[in-house]
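New to this one? Take a look at the model first, and then we'll walk through how its parts fit together.

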Amino acid sequence: MPLIDWTERMNIGIEEIDVQHKKLVDIINQLHDSLKSNTFKEELKIIFTELIDYTKYHFSTEEKIMEEAGYEDLEPHKKQHQKFVNKLLRMKDRCYLGKEEISVELSSFLSSWMIGHILRSDKEYQEVVLASEWYKTHSKSA
Ligand SMILES: [Fe+2]
Ligand SMILES: [Fe+2]
C-alpha cells in the first residue's frame, strides 16, 4: 500500500504543476517502500537524491509560474521551499556521513510536509495563477 494516495483535492488545475506533484508523491512512496523492505542502502540513497533533485526542479518551475502570473506572496512561498530543501540537504549529509539512519519517520515527515504544502501553500496561488494572463497564454499554447 502506498504511503500517499493521490486524491482529487490535491489537484491545483495547472497541468505542469499537477504532473510534478504526482511525480513527487511517487518518489516519496518509493522511498517509503524501500525503507520498509530493507533493501540495501544504495537504493535508498539513489531515491533520496532523486527526491532532492526533483524537488528543486519542481520548486523552480513553480516559482517561475508564480512570478510570471504576478503572485504577490511569492517571497514567503519561496522561503518555505528553501527551508524544505535545506532540511533535505542536511538530512542527506547526516545520512551519508553515517550519523543517522534513514528511517520510516523520514518518509512520514516528507509525506506530511508535501501534502500540507500542496493543500495549503500551493492552493493559495491557484486562484491567482488560473486567473492570470500567463495562464491564458500558456494554456492556449499548450
Ligand atoms: Fe508545489
Ligand atoms: Fe510550493
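## The main core

This is a predicted model, and a good place to start is its largest nonpolar core, made up of 11 residues: Val-25, Ile-27, Ile-28, Leu-31, Leu-35, Ile-47, Phe-48, Leu-51, Leu-106, Leu-110 and Met-114. Three helices each chip in at least two of these residues: α1 (15–36), α2 (41–68) and α4 (104–130). The largest share, 5 residues, belongs to α1.

There's another core, set apart from that one, with 8 residues. Ile-12, Ile-14, Met-66 and Tyr-125 are among them.

## A closer look at α2

How far apart are the end C-alpha atoms of α2? They sit 41 Å apart, which agrees with the 40 Å that its 28 residues should span at 1.5 Å a residue.

Several residues of α2 are buried: Ile-47, Phe-48, Leu-51, Thr-55, Glu-62, Ile-65 and Met-66. Their cover includes α1, α3 (74–96) and α4. Just past the end of α2, you'll find Gly-70 with a positive phi of about 75°.

## How α1 meets α4

Now for a helix pair. The axes of α1 and α4 are 9 Å apart, and the two pack at an angle of about 165°. Angles over 145 degrees count as roughly antiparallel, so that's what α1 is to α4. The crossing is left-handed.

On the α1 side, the contact is made by His-21, Leu-24, Val-25, Ile-28, Leu-31, His-32, Leu-35 and Lys-36. Facing them from α4 are Val-104, Ser-107, Leu-110, Ser-111, Met-114 and Ile-118.

Note on methods:
Residues are numbered from 1 along each chain as its sequence is written. Chains are lettered from A and ligands numbered from 1 in the order in which they are written. This is a predicted model: local features need pLDDT of at least 70, side-chain atom pairs count only at pLDDT 80 or more; totals for chains, interfaces and linings use all residues. A nonpolar core is a set of buried Ala, Val, Leu, Ile, Met, Phe, Trp, Tyr and Cys residues joined through C-beta atoms within 7 Å. A residue is buried if 20 or more other C-beta atoms lie within 10 Å of its own, exposed if 12 or fewer, and partly exposed in between; C-beta atoms are placed from the backbone. Helices (H or I, at least four residues) and strands (E, at least two) are DSSP runs, numbered from the N terminus. The expected span of a helix is 1.5 Å times one less than its number of residues. Two residues are in contact if their C-beta atoms, placed from the backbone, lie within 7 Å. Axes are lines fitted to C-alpha atoms, for helices over the stretch in contact, and angles run from 0 to 180 degrees between N-to-C directions. Angles under 35 degrees count as roughly parallel, over 145 as roughly antiparallel, 65 to 115 as roughly perpendicular and the rest as oblique. A crossing is left-handed if the near helix is turned anticlockwise from the far one by less than a right angle, and right-handed if clockwise.
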